[in-house]
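Q: I'd like to learn how to read chain contacts and cavities in a model. Can we walk through one together?

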Amino acid sequence: MIEVIAGFLILTGAGFFIAGSIGLLRLPDLCCRLHALTKVDNLGLGLTLIGITLLEGSVVFGLKALLTWLLVMVSGAASAHLIANFDSRQTE
Amino acid sequence: MFDEQVIYGLTGMLLFVVGLRGALLHPLLLGQIIAFNISGAGLFLTLVAVAYDGGASPADPVIHALVLTGIVVAISATAFALAIARRIRGNIND
Amino acid sequence: MSAAVTLVDLVLSAVLIVLACSALAVRSLRQGIPLFISFGLLLALIWARLAAPDLAIAEAAIGAGLTGGLLMVSLRELPTAANAFAVRFSAGRVLVDLLTLILMVVFTYAFWSGLESNDGGRLVNDVSARLPESGVSNPVTAVLLNFRAYDTLLELAVLLAAVLGIRSVGAPFPGPGTANVMLSGLSNWIVPVLIVTGGYVLWAGADTPGGAFQAGAILAAALIMLRLNGHDVVQGIGLRAERVSLSCGVMGFLLVGGAVMLNDSVFLRYPTEWAGSLILVIEVLATMAITFSLANAFAAPPAGGPASV
């Protein structure tokens with residue numbers, strides 16, 4: 001039962017990653033692409049990590065996964081801001 | 001001989017050859033430096049594929065240590081190459 | 001089950017090759033360099049797949065992270081888009097393609113016959129047999145710092161030589177940037193996390209995947225983040241401290257290796273009961289040297305010119 005839930009979560013996370021990649025390739029503007037990447041990758045990574053934690057079953061692993069997710073979100077948000085900032089200064 | 005060894009070994013050699021071709025034919029100096037890095041990565045991939053012994057038994061640590069040394073040497077060489085490249089081709093205001 | 005795993009391996013390898021070829025074939029290296037960074041990260045994933053976790057950490061930190069960072073910083077100063085990009089159909093190009101093909105065939109044959117004729121003897125058995133005497137329980141660390149310590153000494157010397165070369169002939173990088181609000185906010189959180197993680201990876205390298213090189217790369221990343229915010233630690237510590245921090249890896253190794261000669265008259269043969277502590281001492285000094293050497297690759301030569309080092 002746990003495996004089914006975990007598998008479903010991981011597949012949903014993978015689906016979000018695919019959506020983000022398609023957004024990276026198909027969206028017209030830099031800011032649109034950054035939006036797609038950061039929004040979707042946070043959720044995609046979060047769901048995948050929850051699924052893996054369910055499979056592993058240990059609290060310590062869950063805490064490490066949570067820390068990883070927070071670090072990815074923070075660095076993703078900051079990088080997206082810096083890229084958008086640089087781009088807006090370029091096109092001034 | 002495992003499937004993974006064959007797949008990753010051949011991939012590694014293909015990467016080495018792609019990098020070699022890029023190093024010889026790429027018009028930009030920066031591109032040639034990247035090509036050498038790709039070559040090195042391909043070499044490491046082949047080595048680690050040889051070291052692999054199936055998921056259950058431990059892989060060969062001597063080869064892993066060799067590749068780790070190689071990764072550090074590769075970045076040293078890349079950093080030095082970039083420093084020289086910026087000196088000879090860069091736009092610096094001396 | 002095993003067919004699905006093989007399929008994943010094939011897909012990973014195919015994407016790896018596509019990334020490598022695209023990095024070299026795109027019109028502008030502004031796109032090529034992020035492709036190369038992705039190549040490095042995918043390679044780190046493949047190391048984890050091939051039961052090489054030490055290498056995975058090292059490749060992600062050094063191969064993808066620091067090398068990618070170096071390339072990105074050089075984007076500003078080196079030409080990144082060529083006008084005559086597609087080399088004309090010339091004899092040289094045909095010759096190189098032919099060489100490439102021949103090499104690939106030769107390598108495939110050599111690799112295949114090498115794998116086929118393997119008699120089953122593996123070095124991992126020898127290492128596992130002597131592992132209890134080495135002072136650590138991570139076999140890669142044991143090989144790096146005990147069984148093949150001489151190679152690691154020379155590797156640190158190569159790193160030092162590269163830094164000396166960069167500082168003497170390299171062109172200066174632009175100075176530390178003005179602090180962006182977002183970047184300084186990020187650094188306030190990330191730099192302490194990096195320092196703690198680096199220290200942990202160094203300590204844990206004795207028993208679990210990790211070690212001096214991975215820790216050194218993580219700490220170098222912390223120093224680089226500080227530099228991006230305007231705090232140039234690498235050059236703010238003064239000339240004497242700079243010299244010590246760069247050379248302490250090689251010097252520590254030589255001193256330890258020489259000191260154990262008093263016991264056994266063989267360079268770098270640690271006495272068994274001291275092996276763990278000696279390895280720790282060498283690893284700490286090596287981490288400091290690696291940190292400052294890698295951070296120096298991103299730094300500008302001192303204000304007095306290269307000769308004042």
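Q: How many residues does the contact take from chain A, and how many from chain C?

A: Keep in mind that this is a predicted model. Chain A puts eight residues into the contact, and chain C puts in six residues.

Q: How should I think about the size of an interface, and what is the area buried between chain A and chain C?

A: The usual yardstick is the accessible area that is lost when the parts come together. Here, about 610 Å² is buried between chain A and chain C, and carbon and sulfur atoms give 83% of that. On the chain A side, Leu71(A), Ala78(A) and Leu82(A) lose the most area to chain C, and together they make up 53% of what that side buries.

Q: What classes of residue are on the side of chain A that touches chain C?

A: Sorted by class, that side of chain A has five nonpolar residues, three polar ones and no charged ones. For salt bridges across the interface of chain A and chain C, the count is zero. Residue pairs in polar contact between chain A and chain C also come to zero, taking pairs with both residues at pLDDT 80 or more.

Q: Which chains have the most contacts between them?

A: Two pairs of chains touch, and the pair with the most contacts is chains B and C. Chain A and chain B are joined by no contact, and their closest C-alpha atoms lie 18 Å apart.

Q: How many residues of chain B are in contact with chain C, and what is the area buried there?

A: On the chain B side there are 68 residues, in contact with 77 residues of chain C. The buried area between chain B and chain C is about 7000 Å², with carbon and sulfur atoms giving 80% of it.

Q: How many salt bridges does the rule find across the interface of chain B and chain C?

A: There are two salt bridges across the interface of chain B and chain C. Arg21(B) forms a salt bridge with Asp97(C), where the closest N and O atoms are 2.4 Å apart. Polar contacts turn up as well: eight residue pairs across the interface of chain B and chain C, both residues at pLDDT 80 or more.

Q: Which helices supply the side of chain B that touches chain C?

A: Helix 1 (3-25), helix 2 (29-51) and helix 3 of chain B each supply at least two residues. Helix 3 of chain B has the largest share, 22 residues. By class, that side of chain B has 46 nonpolar, 14 polar and eight charged residues.

Q: Now for empty space. How many cavities of 30 Å³ or more does a search of the whole structure find?

A: The general trick is to roll a probe the size of a water molecule over the atoms, which shows where empty space is left. In this structure, the search finds four cavities of 30 Å³ or more. The largest cavity has a volume of about 70 Å³. It is lined by 13 residues, and the closest to its centre are Leu144(C), Leu145(C), Ala212(C), Phe213(C) and Glu283(C). Helix 6 of chain C gives the most to that lining, with four residues.

Q: What lines the second largest cavity?

A: Residues from chain B and chain C line the second largest cavity, among them Ile75(B), Ala79(B), Leu159(C) and Ser293(C). Its volume is about 50 Å³. Helix 7 of chain C gives the most to this lining, with four residues. By class, the lining of the second largest cavity has eight nonpolar, two polar and no charged residues.

Note on methods: Residues are numbered from 1 along each chain as its sequence is written. Chains are lettered from A and ligands numbered from 1 in the order in which they are written. This is a predicted model: local features need pLDDT of at least 70, side-chain atom pairs count only at pLDDT 80 or more; totals for chains, interfaces and linings use all residues. Side-chain values use heavy atoms; hydrogens and water are left out. Contact means heavy atoms within 4.5 Å. Buried area is the accessible area (1.4 Å probe) that two parts lose on being put together, summed over both. A salt bridge is a side-chain nitrogen of Lys or Arg within 4 Å of a carboxyl oxygen of Asp or Glu. A polar contact is a pair of N or O atoms within 3.5 Å; within protein, one must be able to donate a hydrogen and the other to accept it, and residues adjacent in sequence count only if both atoms are side-chain atoms. Ala, Val, Leu, Ile, Met, Phe, Trp, Tyr, Cys and Pro count as nonpolar, Asp, Glu, Lys and Arg as charged, and the others, Gly among them, as polar. On a 1 Å grid over the protein atoms alone, a cavity is a set of points where a 1.4 Å probe fits but cannot get out, and a pocket is an open set with protein on both sides within 12 Å along at least five of seven lines; lining residues have an atom within 4 Å of a point. Grid points are joined across faces, edges and corners, and a volume is the space filled by probe spheres set on the points.
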